[in-house]
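Please report on how the helices pack in this protein, and on its largest pocket. Short sections will do.

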Amino acid sequence: VANNPKRVLQQAAARASEKHSAEHLLYAANRLAIRDAPATADLWRSVTKRYDIPTTEDHAILRRIGIAAAQDYEPRAAGLLEQVPDQAADERVIEWRARTAMREGRWGDVLRIIAAMPSALSASERWRYWEATALKETGQTEVAEALMAVLATERSYYGFLAADVSGLPYAFDHAELDVSDERLAALANDPQLVRARELFAVDQPARARAEWQRALRGRAAVDKAAAAELAHRWQWHSEAITLLGELQSWDDLDIRYPLAYQDWIAEHAGRASVRSAWVYGITRSESLFTRDIRSSAGAWGLMQLMPATGKRVAREAGITWQGIDTLKDAELNIALGTRYLAYLQDRFSHPALATAAYNAGPHRVQRWLPDTTPMRADVWIETIAYDETRAYVQRVLSADIIFQWRMGEPVQRLADILTPVAPKQSVAQTVTPL
């Protein structure tokens, strides 16, 4: 069943074999749906006529088929998603119905789907933006403009997009933390926090984080806010940013978007001919400026490079490769990461595609490109197959904007950055692989 799920389902559909149970068939359908959702749908229809499949499991398979078809941009995706019964049509199904409709330019259907969403979902920034976009695309300009103007007051990816549509300035709304000097002084002399600070200073990050978390466990919000300010001053940016996230305190942009490793980022971004603010956005999203961090996938350091990628880039750059130690070295990691980012920019000639490739790999981005005609960049980003990569691209692009503002640079508009995404045959394949 694991090795050839399609054959198992074909045998079951034709009653050519009696050796498989319902459990086998469910397992086969789940596996095949990832590889070939339309074929799974056709076979599953025949299987359910011949076998007693429990309703709940049947609905779960239909849900999996529909979502898999949408994520593969199958021509039949919309129909397969509509076949998912109401009982199984959770928010994920509903959102992929809307994404499939927008990718196909069916803006009236986008409006219909958003109108039927649970109120908590439709009220999100994401779907407020797409409702306004669909209204504009269907000629309801006045209502669309009003919705966009409200959304443009948000400091976020969708807020920046809406500001571009409305011709409004971006809403940065920076406000420093309101922390008293007395509270800062008291916390700075707290023995546990002193130990955490010193452990961090002598490059014992794991022990430092453990001490830090023990020291703040159960503390009041005002103490945690003061601790975030202290961590920022100590250049312990990951803990400062994490604390403000825990407190849902979003407005101190100095702390949340620190200009860490500024000299090295400026130097190596310049050498690689990529913008420093973009590098900052990548680095913040990858590691929160944590030098020694390792991901579950095995990527290391500030810009989270896989060892194989780091080794190839190091060879191309003439940097001596010393294994993981090279990636844990802050400056070398930035040097390698900026060069890799430059390679992706050369390959895809589009910041959204290069950013997605940094997260998911160039081969996946190539597969996600439109087939024959250019596509709006905001639609392409919204319909990225992987939730993680979609969120990552949006996070990096919005951080890029904020870091430009933090650096005192003229802020580029997302509308100028996000040019239409070219179809597969137009995206350059001549860049030498690393």
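At what angle do helix H6 and helix H7 pack, and how far apart are their axes? The model used to settle this is predicted.

## H6 against H7

Helix H6 covers residues 91–103, and helix H7 covers residues 107–115. They pack at about 165 degrees, and their axes lie 8 Å apart. Angles over 145 degrees count as roughly antiparallel. H6 and H7 are therefore roughly antiparallel to each other. Their crossing is left-handed.

Which residues make the contact between H6 and H7? H6 supplies Ile94, Arg97, Ala98, Ala101 and Met102. H7 supplies Trp107, Asp109, Val110 and Ile113. By class, the contact of H6 with H7 has seven nonpolar residues, two charged and no polar.

## H7 against H9

H7 also packs on helix H9, residues 125–137. Here the angle is about 140 degrees, with the axes 9 Å apart. H7 and H9 are therefore oblique to each other. The crossing of H7 and H9 is left-handed.

From H7, the contact takes Trp107, Val110, Leu111 and Ile114. From H9, it takes Trp127, Trp130, Glu131, Thr133, Ala134, Leu135 and Glu137. Eight residues of the H7 and H9 contact are nonpolar, one is polar and two are charged. Trp107 and Val110 of H7 appear in the contact with H6 and also in the contact with H9.

## H19 against H23

Further along the chain, helix H19 spans residues 276–287 and helix H23 spans residues 351–360. Their axes come within 12 Å and cross at roughly 30 degrees. Angles under 35 degrees count as roughly parallel. That makes H19 roughly parallel to H23. The crossing of H19 and H23 is right-handed.

The H19 side of the contact is Trp278, Ile282 and Glu286. The H23 side is Pro351, Ala354, Thr355 and Tyr358. Five of the residues in the contact of H19 with H23 are nonpolar, one is polar and one is charged.

## The largest pocket

How much space lies in the largest pocket? The computed value is about 770 Å³. The lining of the largest pocket has 38 residues. Ala70, Gln71, Asp72, Tyr73 and Glu74 lie nearest the centre of the pocket.

Which elements give two or more residues to the lining? They are helix H2 (22–35), helix H4 (55–71), H6 and helix H24 (362–368). H4 gives the most, with seven residues. H6 thus has two roles in this account: it packs on H7, and it helps line the largest pocket. By class, the lining has 19 nonpolar, seven polar and twelve charged residues.

Key. Residues are numbered from 1 along each chain as its sequence is written. This is a predicted model: local features need pLDDT of at least 70, side-chain atom pairs count only at pLDDT 80 or more; totals for chains, interfaces and linings use all residues. Side-chain values use heavy atoms; hydrogens and water are left out. Axes are lines fitted to C-alpha atoms, for helices over the stretch in contact, and angles run from 0 to 180 degrees between N-to-C directions. Helices (H or I, at least four residues) and strands (E, at least two) are DSSP runs, numbered from the N terminus. Angles under 35 degrees count as roughly parallel, over 145 as roughly antiparallel, 65 to 115 as roughly perpendicular and the rest as oblique. A crossing is left-handed if the near helix is turned anticlockwise from the far one by less than a right angle, and right-handed if clockwise. Contact means heavy atoms within 4.5 Å. Ala, Val, Leu, Ile, Met, Phe, Trp, Tyr, Cys and Pro count as nonpolar, Asp, Glu, Lys and Arg as charged, and the others, Gly among them, as polar. On a 1 Å grid over the protein atoms alone, a cavity is a set of points where a 1.4 Å probe fits but cannot get out, and a pocket is an open set with protein on both sides within 12 Å along at least five of seven lines; lining residues have an atom within 4 Å of a point. Grid points are joined across faces, edges and corners, and a volume is the space filled by probe spheres set on the points.
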